[in-house]
Amino acid sequence: MPFINHLWEYVVTPLSVLQMPSSISFAEILSYTACRQLSQMFLAVVFFHSSEYILAVAIHGRSNVTLKSLLISKNYLLAMIFSLLEYIVEIVLFPGLKEHWWISDTGLALVVIGEFTRKLAIITAGRAFTHLIKVYHDEHHLLITHGIYRFVRHPGYSGFFIWSVGTQIMLCNPISTVGFAIVVWKFFAERIPHEEYFLKRFFGSEYEEYAHRVPSGVPFVK
């Protein structure tokens with residue numbers, strides 16, 4: 001019996017030692033990777049929506065702004081919940097998928113670029129920028145063609161498109177990356193023609209010439 005016990009310890013102890021790095025490595029991946037990527041996502045979302053509301057209040061006045069300026073809808077919440085569930089499932093079942101830091105950092109860069117582009121569009125347009133499509137022309141609704149609007153007609157939309165897809169690349173979420181790209185693109189592909197119908201009514205040939213010369217800022221949307 002002492003010989004068997006000694007043999008058992010001789011065989012099992014090295015195996016336990018070999019198994020420990022694997023479990024520790026997974027714990028480290030789960031803790032560091034998840035904390036970094038999810039905290040970046042949380043900060044990106046909070047900053048985006050809070051700054052949208054703050055800028056709206058600063059430009060249009062508190063009495064003219066509602067909580068809709070936070071830009072949080074039911075469909076948006078469902079999309080974010082799905083992306084979070086995807087992240088949790090993938091980091092548990094395929095932790096290595098989240099370890100492609102060059103992909104995650106590219107997503108973070110896109111988030112920053114998209115955020116900057118959208119906020120620059122809002123600040124440049126000033127009172128001409130609204131979260132709802134204008135169907136009636138008023139004195140504050142001017143045709144903005146300077147600044148960032150010299151390069152794209154709808155920098156606010158292109159900024160959001162880049163930001164939203166960037167959040168999912170940052171999380172290394174392959175399914176949500178494709179899903180967000182398709183859904184957000186489809187939304188703007190339908191919204192831009194509808195909005196520009198009224199812009200052409202408001203500004204006539206001036207806007208038509210501008211639209212002919214400057215791209216929309218959303219891929220494959222004229």
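These are legends for a set of close-up views of a predicted model.

**Figure 1. The whole chain, an all-helix fold.** Start with the overview before zooming in. The protein chain has six helices and zero strands, so going by the definition of helices and strands used here, the elements read α-α-α-α-α-α from the N terminus on. Buried residues account for 39% of the 222 residues in the protein chain. If you take contacts between residues at least 6 apart in sequence, 79% of them join residues at least 24 apart.

**Figure 2. The largest nonpolar core, with 23 residues.** Look for Met80, Phe160, Trp163, Phe188, Ile192 and Val218 here, since these are the members that touch the most other members. Two or more core residues come from each of α1 (2-60), α2 (74-93), α4 (155-170) and α5 (174-203). The largest share belongs to α4, with seven residues. There is also a second, separate core of 18 residues, and Tyr149, Leu199, Tyr207 and Ala211 are among its members.

**Figure 3. Trp163 and what it touches.** This view picks out one residue of the largest nonpolar core, Trp163. Leaving out residues up to four places away in sequence, Trp163 touches Ala44, Val45 and Phe48. On the same terms, Trp163 also touches Tyr76 and Met80, plus Leu110, Val111, Gly114 and Glu115. Met80 is worth picking out, as it is another of the core members with the most contacts to other members.

**Figure 4. Gln37, a buried residue in helix α1.** Is Gln37 buried or exposed? Its relative accessibility is 0%, and the cut-off for buried is under 20%, so Gln37 counts as buried. The side chain of Gln37 makes a polar contact with the side chain of Tyr87, at 2.5 Å. Tyr87 also shows up in the list of residues that Gln37 touches, along with Lys98, Trp101, Ser104, Met170, Leu171 and Cys172. That list does not count residues up to four places away in sequence.

**Figure 5. Leu38, next along helix α1.** Leu38 has a relative accessible area of 32%, so it is partly exposed. Which residues is Leu38 in contact with, once neighbours within four places in sequence are set aside? They are Leu84, Tyr87 and Leu171. To follow one of these pairs, find Leu38 and Leu84: they are 46 residues apart in sequence, with 8.8 Å from C-alpha to C-alpha. Tyr87 and Leu171 also appear among the residues that Gln37 touches.

**Figure 6. The second largest pocket, about 260 Å³ of space.** The lining of this pocket has 13 residues, and Met41, Val45, Met80, Ser83 and Leu84 lie nearest its centre. Both α1 and α2 supply at least two lining residues each. The largest share, six residues, comes from α2. How do the lining residues divide into nonpolar, polar and charged? There are 11 nonpolar, two polar and no charged residues. Some names should be familiar by now: Val45 and Met80 line this pocket, and both are touched by Trp163. Leu84 lines the pocket too, and it is in contact with Leu38.

**Figure 7. Ser216, buried in the segment after α6 (205-213).** Ser216 counts as buried, with 1% relative accessibility. What does the side chain of Ser216 reach? One partner is the backbone nitrogen of Val218, at 3.2 Å. Another is the backbone oxygen of Val221, at 2.5 Å. Not counting residues up to four places away in sequence, Ser216 touches Val152, Arg153, His154, Ile192, Val221 and Lys222. Ile192 and Val218 both belong to the largest nonpolar core.

**Figure 8. Cys172 and Phe220, each with a positive phi.** Most residues other than glycine have a negative phi. Cys172 has a phi near 55 degrees, and Phe220 has a phi near 65 degrees. Where do these two sit? Cys172 is in the loop between α4 and α5, while Phe220 is in the segment after α6. Cys172 counts as buried at 6% relative accessibility, whereas Phe220 counts as exposed at 80%. You have met Cys172 before, as one of the residues that Gln37 touches.

Terms used. Residues are numbered from 1 along each chain as its sequence is written. This is a predicted model: local features need pLDDT of at least 70, side-chain atom pairs count only at pLDDT 80 or more; totals for chains, interfaces and linings use all residues. Side-chain values use heavy atoms; hydrogens and water are left out. A nonpolar core is a set of buried Ala, Val, Leu, Ile, Met, Phe, Trp, Tyr and Cys residues joined through side-chain atoms within 4.5 Å. Buried means under 20% relative accessible area, exposed over 50%, partly exposed in between (1.4 Å probe, protein chains only). Helices (H or I, at least four residues) and strands (E, at least two) are DSSP runs, numbered from the N terminus. Contact means heavy atoms within 4.5 Å. A polar contact is a pair of N or O atoms within 3.5 Å; within protein, one must be able to donate a hydrogen and the other to accept it, and residues adjacent in sequence count only if both atoms are side-chain atoms. On a 1 Å grid over the protein atoms alone, a cavity is a set of points where a 1.4 Å probe fits but cannot get out, and a pocket is an open set with protein on both sides within 12 Å along at least five of seven lines; lining residues have an atom within 4 Å of a point. Grid points are joined across faces, edges and corners, and a volume is the space filled by probe spheres set on the points. Ala, Val, Leu, Ile, Met, Phe, Trp, Tyr, Cys and Pro count as nonpolar, Asp, Glu, Lys and Arg as charged, and the others, Gly among them, as polar.
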